[in-house]
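Colleague: I should like a close look at one part of this chain, namely its salt bridges. Please describe them and set them in the context of the whole.

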Amino acid sequence: MPFANFKVPAGTLTTEQMEQIVTAATELYVGLYGERARATTLVLVEEVPDGGWGIGGGALTLAKLQQEPGS
């Protein structure tokens with residue numbers, strides 16, 4: 001069963017945008033494995049609370065993610 005898990009900052013996507021992620025990920029797997037994958041593809045879009053994730057040993061917040069690179 002194909003499985004995709006997307007973690008996104010809470011409150012940053014609309015319901016429609018989450019549906020687009022589900023549809024696009026499903027279509028990607030169908031493109032790779034054929035139509036048989038459609039019925040068994042599981043796509044999970046998880047909203048992570050602000051500051052509830054990190055990279056390189058530091059917590060990420062929405063404010064940090066919205067900063068211009070290098071600032």
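Modeller: The account below begins with the chain as a whole and then turns to the salt bridges and a patch on the surface.

The model is a predicted one. Its chain contains 2 helices and 4 strands, which follow one another along the sequence as β-α-β-β-β-α. With a radius of gyration of 15 Å, well over the 11 Å that the globule rule gives for 71 residues, the chain is more spread out than a compact globule. Along the principal axes, its C-alpha atoms fill a box of roughly 45 × 25 × 20 Å. Of the 71 residues, 21% count as buried. The chain exposes about 5100 Å², and 58% of this area is supplied by carbon and sulfur atoms. Among contacts between residues at least 6 apart in sequence, 63% join residues at least 24 apart.

The structure holds 3 salt bridges. One of them pairs the side chains of Lys-7 and Glu-46, at 2.5 Å from N to O. Because Lys-7 lies in strand S1 and Glu-46 in strand S2, this pair ties together parts that are 39 residues apart in sequence. Both residues are partly exposed: Lys-7 has a relative accessible area of 47%, and Glu-46 has one of 27%.

Glu-27, Glu-35 and Arg-38 are linked in a network of salt bridges. Within it, the side chains of Arg-38 and Glu-27 meet at 2.6 Å, N to O. This pair links distant parts of the chain, with Arg-38 in the loop between H1 and S2 and Glu-27 in helix H1, 11 residues apart. Arg-38 counts as partly exposed at 32% relative accessibility; Glu-27 is also partly exposed, at 39%.

Arg-38 also forms a salt bridge with Glu-35, at 2.4 Å from N to O. Glu-35 is placed in the loop between helix H1 (15-33) and strand S2 (42-48). From C-alpha to C-alpha, Glu-35 is 15 Å from Phe-3 in space, and the two residues are 32 apart in sequence.

Phe-3 leads to a surface feature of another kind. Together with Met-1, Leu-42 and Leu-44, Phe-3 makes a nonpolar surface patch of about 410 Å². Met-1 belongs to the segment before strand S1 (3-9). Met-1 counts as exposed because its relative accessible area is 74%, and the cut-off for that class is over 50%.

Methods. Residues numbered from 1 in each chain as written. Predicted model: local features only at pLDDT ≥ 70, side-chain atom pairs only at ≥ 80, totals over all residues. Heavy atoms only, no water. Patch = residues over 30% accessible without salt bridge, like charges linked within 9 Å, V, L, I, M, F, W, Y side chains within 5 Å. Areas by Shrake-Rupley, 256 points an atom, 1.4 Å probe, with all protein chains shown as cover. Salt bridge = Lys/Arg side-chain N within 4 Å of Asp/Glu carboxyl O. Buried < 20%, exposed > 50% of the residue type's maximum accessible area, 1.4 Å probe, protein only. Rg over C-alpha atoms; globule rule 2.2 N^0.38 Å. Contact = heavy atoms within 4.5 Å.
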